[in-house]
Amino acid sequence: MRTRFAPSPTGHLHLGHVVNAIYVWGLARAGGGRVLLRMEDHDRIRCRPEYESSILEDLEWLGFAPDEGLHPLLRQSDRGAVYQEALEQLRAAHHVYACDCSRRHIMGERYVGFCRDRHLAADFGRGLRIQIDEGLETFDDLFLGTIEHEPARQCGDLLLRDRDGNWTYQFAVTVDDVLQQITDVIRGEDLASSTGRQLRLRRMLGNTDRPRFAHHPLILKPGGEKLSKSDADVGVRELRQAGLSPADVIGRAAAAVGLVEHVEPLAVQDLGRLFVAKDAPRVGRIHRASSR
Ligand SMILES: [Zn+2]
């Protein structure tokens with residue numbers, strides 16, 4: 001078993017990331033697996049080095065130690081040649097085309113294939129898309145059960161590289177998960193909708209194997225929206241400054257998604273116990289962490 005923790009350095013670490021880390025390290029430790037750290041800094045405009053260092057520092061403070069990917073740091077921004085090669089591979093077997101549509105022009109998530117037959121040159125300022133044909137993608141999610149997606153109807157032709165020359169999340173993450181031999185993708189429920197298109201892209205890249213998926217609950221604000229980096233009251237930095245210990249922060253995150261009943265300190269080394277068996281996740285009995 002090999003999974004990954006893949007933050008984007010577009011902000012500081014907050015409780016939402018801590019929840020993801022709890023599931024990633026907890027399921028990995030319960031299943032005897034390894035955790036790979038991957039900096040998803042494919043978007044060169046939004047990512048900043050200071051966020052990267054603060055994420056690494058907070059992770060270390062919390063005690064989440066990756067088994068791989070830290071020395072040297074594994075960054076998507078260093079893998080341009082790898083993505084370029086995957087792009088050429090897709091080009092050889094599928095219809096990849098340049099697209100000059102703006103976000104505003106597309107209006108919404110689904111791209112109807114406006115540029116599919118325009119034969120535009122792949123010049124600077126144009127994105128690159130791949131034609132996605134009809135058909136279902138089905139997968140069994142550890143937490144959500146069986147899910148069916150229809151990528152052609154959900155998102156249409158996928159963007160591989162955007163108009164600013166950035167590789168897209170969907171493309172980079174699919175290539176990385178294949179090449180880094182990830183067997184278990186453990187991430188928040190908000191990313192479940194990406195799975196069908198990633199499975200399709202994976203197959204278009206010539207891979208018949210597929211990882212297992214576990215999309216876990218998110219911490220929601222009272223209004224039901226997901227947490228964001230602008231919610232300062234849940235930032236790991238702020239909680240540290242307020243005097244909380246790593247176990248306090250992890251305990252708070254675990255309680256916020258109902259992994260434990262009450263807010264109490266929880267140390268990284270006890271997380272495996274939350275997931276007694278990887279195939280039958282349930283809330284285990286948590287012993288009070290002794291590492292305060
Ligand atoms: Zn277009």
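## Zinc site

Cys101 and Cys115 are both buried. The model that contains them is predicted. Each of these cysteines coordinates the zinc ion through its SG atom, and the remaining donors are Cys99 (SG) and Tyr111 (OH), with distances of 2.0 to 2.3 Å. The angles among the 4 donor atoms run from 103 to 120°, and the site is tetrahedral. Since every angle must fall between 85 and 135 degrees for four donors to count as tetrahedral, the geometry meets that criterion.

Along the chain, the donors are spaced as C-x1-C-x9-Y-x3-C. Cys101 lies in the loop between strand E3 (96-99) and helix H4 (103-106), whereas Cys115 lies in the loop between H4 and strand E4 (127-130); the pair, 14 residues apart, links distant parts of the chain.

## Largest nonpolar core

The largest nonpolar core comprises 41 residues, of which Leu15, Val18, Ile22, Phe64 and Ile250 touch the most other members. Two or more residues come from each of helix H1 (15-30), strand E2 (34-37), helix H2 (49-62), helix H8 (236-241) and helix H9 (246-256). The greatest contribution is that of H1, with 10 residues.

Val18 illustrates the packing. Apart from neighbours within four places in sequence, Val18 is in contact with Leu62, Phe64, Val236, Val249, Ile250 and Ala253.

## Second core

A separate core of 20 residues is also present, with Val96, Ile130, Cys155 and Leu201 among its members. In soluble globular proteins, nonpolar side chains tend to be buried together.

Key: Residues are numbered from 1 along each chain as its sequence is written. This is a predicted model: local features need pLDDT of at least 70, side-chain atom pairs count only at pLDDT 80 or more; totals for chains, interfaces and linings use all residues. Side-chain values use heavy atoms; hydrogens and water are left out. A nonpolar core is a set of buried Ala, Val, Leu, Ile, Met, Phe, Trp, Tyr and Cys residues joined through side-chain atoms within 4.5 Å. Buried means under 20% relative accessible area, exposed over 50%, partly exposed in between (1.4 Å probe, protein chains only). Helices (H or I, at least four residues) and strands (E, at least two) are DSSP runs, numbered from the N terminus. Contact means heavy atoms within 4.5 Å. Donors are N, O and S atoms within 2.8 Å of the metal (3.2 Å for Na, K and Ca); water is not among the atoms, so sites may look incomplete. Four donors count as tetrahedral if all angles lie between 85 and 135 degrees; four count as square planar and six as octahedral if opposite donors are over 155 degrees apart and all others between 65 and 115; anything else is irregular.
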